[in-house]
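Work through the exercises below with the sequence and the 3D structure at hand. Each task is followed by a solution in steps.

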Amino acid sequence: MTEKDKELHDIFSASDITANDEEIEQDSNVSASQNENGENNASENNGENDIKRQNKRSARSSKRLFRYPQRTTGGVLPLIPMRGMVIYPGVLLSFDVGREQSVEALRYAMDGRHEIILASQMTLDAFWPDPDQIYRIGTRVFIRQVLELPDDTLKVLAYGLERVAIEAFVTEDAHYMVRFTSLTSTAPDKTPILDASMRMMGDLFQRYSAISDRVTPEAVMLVRNETDPGHAADVIAGQLPIRFDEQQQILETISVVDRVQMILKILHREIQLAELEQKIATQVQTQLEKNQKDYYLREQIRVIQEELGEQGDADDDIALLREQLKASLIPDEHKPKIEKEIDRLERLPSHFPEYATQRTWVETLLELPFGRTTPEQHDLTRARRILERDHFGMVKVKQRIMEYLAVRKLLVEAEGDSSLKGPILCFVGPPGTGKTSIAKAIAESLGRRYHRLSLGGIRDEAEIRGHRRTYVGSMPGRIIQAIRHVNTDNPLILLDEIDKLGSDFRGDPSSALLEVLDPEQNNSFRDHYIEIPYDLSKVLFITTANTVDTIPTALYDRMEVIEVSGYTEAEKVEIASKHLLPRGRKQHGLTGADMQVTRAALAKIIQGYTAEAGVRQLEREIARLCRRAAIVIAEAAEEGVRKVLRVTPNNLIDLLEKPRYSFDMADKEDQVGVATGLAWTWAGGDTLAIEVNVMPGTGKLILTGQLGDVMKESAQAALTYTTSRSETLGLNPELMKERDIHVHVPAGAIPKDGPSAGITLATALASALTGRPVRHEIAMTGEVTLRGRVLPIGGLKEKAVAAHRAGIRTVLIPKDNERDIEDIPDTVREALTFKTVSNMDEVLELALVKKSEDAE
């Protein structure tokens, strides 16, 4: 025990105001008494017995002959703030003291007249309240006894003397000292109304005690024998289980008549509550078994809400829903419908299945933004920097976003607000070309929130438009769920893999998307679940697809298609050196000083270990290279050697083993009947050698090499053209009837199709029939007609890259494709010579070696 504790013990022990041992023991056993912190120290099972014992003690102590101090007009006394407790004049109350400041105030009082001021603090959160957090009406009490408890707290038994008003706080150091004035009410005149109220108050209190077990007979007898109506009202208030704010209101009511009327109202209410508690207990007890305690409690709440209409958690939730509806931006014409549903929800018991369904619908509506938007960034420099930061190439995509942002910026500056509707962009290209990731960069550059929806494999129309509320487990469609998730009306929503939508007996999701992706209709999109038109016109929709062939025509017409072609080898080298390699080193615990990869080695990885239009396989190969490098560096570190690995084309095979892919190079010399064509594949461009042999026969055309129908028809058209030009080419038509022509495209296990091999087939046929070699440094692409016209083709960029890689120096392209030359990378365009042709005669003139040259 410290010196301070000993001193305090001596003060309390020396007090001449003590109770006998029996009373102290009784007080110490009152396990339901509250401490000054408002904490209950007893279990629920002993609560009512403890209240009975305290009520008995209060009634018994009121009968004892004890000389309490007289009333005063005011003065200065210490103050203890009470948490959730109120003591009335003429009532005996026990409470615990544990806060250091309260102990100091109690110590000060015991050194003096054993008097102290008890006033309640306004909030229970503050451990030690400030003066402005304490009610200004309190009670002057007389401390009858103090008992030390084993947990270093003090149990105090105090008797209320009078109501006081706190005028000022004198000191606030160790404890509060306050200046107070007495609040004494003049004795009311004896009137029949007051006598009747007094008698009714006693009758109601007796009736309440008969219904409830919370009041002892001694307390009822004390009220019955009391002649002072004000004191009787205070005694009854101390016996009733009423709320703390009502207790404080009774204490602050100085007028005896008003106080009696207030007690009468409270008694009427508490009697009704007690009667209904008995009724509820009887009803529930007959319906439930002993092991259904939880259900019993829920039934009590339900019956209370139905029969009493008291405010509970459900009512608080309903009030919160009404406040949210009032503050929401839902159009006024739709709010009455939601209010009607909330009224219906209020009447439903909370355990009904319909309650959860109805409440979920209302909460979903209230959580939608309905016009709330986030600020949009219009900084073009910042947007361009973000787009260039993570993506190399993709010029058309970046240019379209910059156009959109520039128009938005000008409209905002000119009109103060932009009415430009968001475009519906569709990025079409091979897998792994950055279509999904560029959409996220676009959202960041515009300052919009981003949400991605994967549409691959969706077959149910309800996934887009939502389920009707009549179905069990109904929910909004994915579009509304996305709006709810981002909590704004102007996000960027990515509809990924739109070309992989399905359809079955449950509906066609692509048809449901027509309304979503139509700028003229999506300002009033109707989801089956929310049943209220929703404005999607501010949403920037971006879709991705690998091909447009499977996209329905009506849906395709609503989108602005931007082709994202595969990366060229030069672009892949840049992407690998700037993005993939640094990321791979970081993921595998390596640094630039540990492993260095030359650009030539990266090009070798791209050529020999990947065959793709994107960079996913390239990223996996770089990760494999980093793992192999990690083994070498880690083993060297165990030997105490710091290893720096430099990857070059020479040691690449040692790390990644043998290459898996190869590509054809241009022939070293001119050959008869062999022409080099250019083809587009899903992995980029490739060269295609077409071989033609002429042999004795009956004039048949033999086609081999797994050619598709389109390519077979091109071969027929090429043969027809060549035969029609027999005179020009110096061919004998009669002799051609006695010869068979065999056209073969190598790599027979690979299916081949497309119209762009027409001029290549015609050139190889003409070479084989005339015996004139085809120039080995020339490659060509284009479709041919029966009359020899050369038609345009697609994929010129990828085909040119393939020609450059194969060592081709001249490329023959259709005249109409001249505009596409600017899309070819500079390094490729500068190394190749492009010659445009409009008919087959020009092709043969450029591709076939003249007889004079052949003779030389």
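The exercises concern a predicted model, and they go from the whole chain to helix pairs and single residues.

**Exercise 1. Describe the protein chain as a whole: its secondary structure, its burial and the range of its contacts.**

Step 1. Count the elements: the protein chain has 32 helices and 24 strands.

Step 2. Turn to burial. The chain has 856 residues, and 49% of them count as buried, the cut-off being under 20% relative accessible area.

Step 3. Take the contacts with a separation of 6 or more; residues 24 or more positions apart account for 75% of these.

**Exercise 2. Determine how helix H6 and helix H7 are oriented to each other and which residues meet.**

Step 1. Locate the helices: H6 covers residues 217-225 and H7 covers residues 229-239.

Step 2. Read off the geometry. The axes are 9 Å apart and the packing angle is about 160°. Because angles over 145 degrees count as roughly antiparallel, H6 is roughly antiparallel to H7. The two helices cross in a left-handed sense.

Step 3. List the contact residues. H6 contributes Ala219, Leu222 and Val223, which meet Ala232, Val235, Ile236 and Gln239 of H7.

Step 4. Classify them: this contact of H6 with H7 has 6 nonpolar residues, 1 polar and no charged.

**Exercise 3. Carry out the analysis for H12 and helix H13.**

Step 1. H12 spans residues 335-347, and H13 spans residues 353-367.

Step 2. The axes of H12 and H13 lie 10 Å apart, at an angle of about 150°. This angle is over the cut-off of 145 degrees, so H12 and H13 are roughly antiparallel. Their crossing is left-handed.

Step 3. On the H12 side the contact involves Lys337, Ile338, Glu341, Ile342, Arg344 and Leu345; on the H13 side it involves Tyr355, Gln358, Arg359, Trp361, Val362 and Leu365.

Step 4. By class, the contact of H12 with H13 has 7 nonpolar, 1 polar and 4 charged residues.

**Exercise 4. Classify the crossing of helix H21 and helix H23, and give the burial of Cys626.**

Step 1. H21 runs over residues 569-587 and H23 over residues 616-638; their axes come within 10 Å and cross at roughly 45°.

Step 2. An angle of roughly 45° lies between the cut-offs of 35 and 65 degrees, so H21 and H23 are oblique to each other. The crossing of H21 past H23 is right-handed.

Step 3. From H21, the contact takes in Lys572, Ala576, Leu580, Leu581, Arg583, Gly584 and Arg585; from H23, it takes in Leu618, Glu619, Ile622 and Cys626. These residues divide into 6 nonpolar, 1 polar and 4 charged.

Step 4. Cys626 of this contact has a relative accessible area of 0% and is therefore buried. Cys426 is likewise at 0% relative accessibility and counts as buried.

Step 5. How many disulfides does the structure hold? The number is 0.

**Exercise 5. Place Asn487 and Glu497, and describe their backbone and accessibility.**

Step 1. Asn487 sits in the loop that joins helix H18 (478-486) to strand S9 (492-496). Glu497 sits in the loop between S9 and helix H19 (509-516).

Step 2. Neither residue is a glycine, yet phi is positive: about 60° for Asn487 and about 55° for Glu497.

Step 3. Asn487 is partly exposed, at 31% relative accessibility. Glu497 is partly exposed as well, at 23%.

**Exercise 6. Find what Leu329 touches, and give the separation of His485 and Pro369.**

Step 1. Leu329 belongs to the loop between helix H11 (313-327) and helix H12. At 49% relative accessibility it counts as partly exposed, since exposed requires over 50%.

Step 2. Leaving out residues up to four places away in sequence, Leu329 touches Pro369, Phe370, Gly371 and Arg372. The C-alpha atoms of Leu329 and Gly371 are 6.7 Å apart, with their positions 42 residues apart along the chain.

Step 3. His485 lies in helix H18 and counts as exposed, at 59% relative accessibility. His485 and Pro369 are 116 residues apart along the chain, and their C-alpha atoms are separated by 9.9 Å.

Note on methods
Residues numbered from 1 in each chain as written. Predicted model: local features only at pLDDT ≥ 70, side-chain atom pairs only at ≥ 80, totals over all residues. Heavy atoms only, no water. Axes fitted to C-alpha atoms, helices over the stretch in contact; angles between N-to-C directions. Helix = DSSP H or I, 4+ residues; strand = E, 2+ residues; numbered from the N terminus. Parallel < 35°, antiparallel > 145°, perpendicular 65-115°, else oblique. Left-handed = near helix turned anticlockwise from the far one by under 90°. Contact = heavy atoms within 4.5 Å. Nonpolar A, V, L, I, M, F, W, Y, C, P; charged D, E, K, R; others polar. Disulfide = S-S within 2.5 Å. Buried < 20%, exposed > 50% of the residue type's maximum accessible area, 1.4 Å probe, protein only.
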